[in-house]
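Visitor: I have a few questions about the packing in this model. Can you take me through them?

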Amino acid sequence: MTAPDLVLPPCDFTVFGGTGDLALRKLLPGLYEQERRRQLPAGTRIVGVSRSELDDTGYRDLVTQALFDHVAEDHLEAGALHRLTSRLRHLTLDAHSPEDWDRLHGILKSDLVITTGTDTPAPDDRNRVFYLAVASDLFGPICDRLDDLGLVTPQCRVVLEKPIGSDLTSSRRVNDAVGRVFEERQIFRIDHYLGKESVQNLLVTRFANVFLEPIWNSRWVDHVQITVAETLGVGDRGDYYDRAGALRDMVQNHLLQLLCLVAMEPPTHVGGAAEASEDAVRDEKLKVLRALAPLTGREVDRNTVRGQYTSYGAELGHPSTTETFVALRAEVQNWRWAGVPFYLRTGKRMARQESTIEVVFKEPPHAMFPHSDGVTTPNRLTIRMQPDEGMQLHLTAKHPGPGGIRLHPASLDLTYEDAFEERSPEPYERLLMDVMRGIPTLFMRRDEVEAAWGWVEPILAQWQDTALEPVRYHPGTHGPAAAARLLARDRRFWQENADA
């Protein structure tokens with residue numbers, strides 16, 4: 001899904017929230033890896049904007065320490081570190097200070113550019129990327145100021161971090177505010193899960209291998225499970241998380257995006273920056289979101305589980321009814337998937353850190369080995385996004401040896417690191433380069449975001465109307481027992497209980 005390497009013009013990459021956790025833990029390390037592979041265009045500048053009282057030297061020191069903390073030791077190279085830090089600038093900005101905004105204008109309009117070539121374009125011809133790693137209620141005001149300063153050109157792009165609003169109304173308000181300044185083609189709504197190699201490889205697995213497509217439907221698939229589990233609690237994100245909860249923080253974006261990639265119809269083609277191709281994948285994802293059976297009223301009570309780990313209130317320092325766990329049953333009402341349940345699950349303080357998609361196929365229609373030892377088990381395809389990216393195809397095989405047939409589960413295992421003998425890039429590495437190249441395939445379009453909110457919002461409303469507290473679960477477990485009952489009602493079970 002990567003376009004061929006292009007000769008890109010210089011880029012001014014401006015990060016609002018440039019000293020925040022996201023910038024130091026993900027964005028700057030991602031840009032460093034691009035620098036290490038010499039993928040950053042000549043003349044590119046990186047401007048961190050924050051309220052921190054730092055000059056350029058202080059910011060370079062802060063970023064250098066972050067790179068030592070978050071980049072693999074064997075990837076730290078003195079030359080690459082020097083090249084990246086030489087690109088860095090920092091601006092201390094008070095959003096209410098016209099003088100601070102004028103200084104940003106001065107930096108980005110400056111004729112001073114770092115270049116290794118002789119064909120550097122004039123400053124107004126440069127690509128400008130504005131990365132808004134701040135609260136979504138600041139997206140509109142920041143965009144307005146950039147427009148007032150004359151910094152928005154046809155070459156500009158703006159990157160929006162989730163969450164984009166807290167419900168459908170606020171999401172529309174944020175999108176309207178940004179859309180008044182930037183055209184839709186310039187807006188890159190980022191979901192880092194779509195940058196994972198295993199997620200992108202899901203499309204290749206589905207559409208570049210002819211044997212899977214004929215069985216990727218309700219005739220052969222029994223159900224699908226999508227799990228994103230974390231062993232950590234809320235940490236220093238407690239204030240944000242207590243306002244959002246797991247449904248807004250994870251289901252509305254990450255899990256629904258994964259569901260879309262599993263369930264979507266084949267797009268005409270994938271990848272590239274050409275106008276004809278850039279929306280092919282996103283069009284198909286939107287169709288899935290619009291085909292989701294609505295969950296309202298008693299359907300919410302029946303098909304969703306809200307949970308909270310028992311020590312959550314103690315970590316926050318006050319009681320809370322915010323959910324840290326969600327499990328739900330969804331259905332895609334179209335020809336391909338009619339009657340196939342999709343079970344989604346996410347939670348904090350879980351038994352293990354994992355992000356997986358399990359496509360569980362139906363059992364053989366006829367028991368051909370009635371006198372054998374062992375039993376046949378449903379085939380399933382496991383796509384692992386973490387901790388070890390790869391996939392497994394689970395089969396039933398004959399155990400070696402003479403005599404009668406002994407059935408035994410076995411698997412074909414593809415681990416990307418072993419198969420390709422190289423490290424899988426972090427999601428932000430791919431996504432940041434796609435922003436610079438102007439490739440929107442792995443980013444969410446406005447109608448996708450709003451369709452997802454439209455499906456989630458009735459669930460939030462029912463939870464609020466019933467005012468039921470989330471069921472408790474102990475840290476280090478697979479979540480509340482009610483989540484197991486959600487599948488047991490359909491005579492199914494979560495796959496951690498399956499024989500591998």
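Visitor: Which side chain does His75 join in a polar contact of 2.9 Å?
Guide: This is a predicted model. Within it, a polar contact of 2.9 Å links the side chain of His75 to that of another residue. The partner is Arg36.

Visitor: Is His75 buried or exposed?
Guide: His75 sits in the loop between α2 and α3. It touches Tyr32, Glu33, Arg36 and Arg423, leaving out residues up to four places away in sequence. Its relative accessibility is 11%, and the cut-off for buried is under 20%. So His75 counts as buried.

Visitor: How far does helix α2 reach from its first C-alpha to its last?
Guide: Helix α2 covers residues 56–70, which is 15 residues. At 1.5 Å a residue, 21 Å is expected. The model comes close to that, with a reach of 21 Å.

Visitor: Within what arc do the buried residues of α2 fall?
Guide: The buried residues in α2 are Tyr59, Val63, Ala66 and Leu67. Seen down the helix axis, they line one face, because they fall within an arc of 100°.

Visitor: Which elements cover the buried residues of α2, and which exposed residues does the face turned away carry?
Guide: The cover includes α1 (21–36), β2 (45–50), α3 (78–86) and β3 (88–92). The face turned away from the buried side carries exposed residues. These are Asp61 and Asp69.

Visitor: At the start of α2, which residue's side-chain oxygen reaches the backbone nitrogen of Thr57?
Guide: The oxygen comes to within 3.3 Å of that nitrogen. The residue that supplies it is Asp55.

Visitor: Which side chain does Gln257 join in a polar contact?
Guide: Gln257 lies in helix α8 (residues 238–263). It counts as buried because its relative accessibility is 3%. Its contacts, neighbours within four places in sequence aside, are Asp191, Leu194, Lys285, Met444 and Glu448. The polar contact, at 2.6 Å, is with the side chain of Lys285.

Visitor: How many aromatic pairs does a search of the whole structure find?
Guide: The search covers the whole structure. One of the pairs is Phe188 with Phe443, edge-to-face at 5.0 Å centre to centre and 80° between the planes. The count of aromatic pairs is 8.

Visitor: How many residues apart are Phe188 and Phe443?
Guide: Phe188 is in strand β6 (residues 187–189). Phe443 is in the loop between α13 (427–437) and α14 (446–466). Phe188 counts as buried at 1% relative accessibility, and Phe443 does at 0%. The pair links distant parts of the chain, 255 residues apart.

Visitor: What kind of pair do Tyr343 and Trp494 form?
Guide: Tyr343 lies in strand β10 (residues 341–347) and Trp494 in the segment after α15 (481–488), so the pair ties together parts 151 residues apart in sequence. Both residues are buried. Their ring centres are 6.2 Å apart. Their planes meet at 75°, so the pair is edge-to-face.

Visitor: Which charged end sits over the ring of Trp494?
Guide: The model has a charge over the ring of Tyr193 too: the end of Lys196, 5.1 Å from the ring centre. Over Trp494, the charged end is 4.0 Å from the ring centre. It belongs to Arg345.

Visitor: Which residues form one aromatic cluster?
Guide: The cluster includes Phe325. Three tyrosines join it. In full, its members are Tyr309, Tyr312, Phe325 and Tyr473.

Methods:
Residues numbered from 1 in each chain as written. Predicted model: local features only at pLDDT ≥ 70, side-chain atom pairs only at ≥ 80, totals over all residues. Heavy atoms only, no water. Phe/Tyr/Trp six-rings, centres within 6.5 Å; stacked < 30°, edge-to-face > 60°. Helix = DSSP H or I, 4+ residues; strand = E, 2+ residues; numbered from the N terminus. Buried < 20%, exposed > 50% of the residue type's maximum accessible area, 1.4 Å probe, protein only. Lys NZ or Arg CZ within 6 Å of the ring centre and 35° of its normal. Expected span 1.5 Å × (residues − 1). Arc of directions from axis to C-beta. Contact = heavy atoms within 4.5 Å. Polar contact = N/O pair within 3.5 Å; in protein donor to acceptor, adjacent residues only side chain to side chain.
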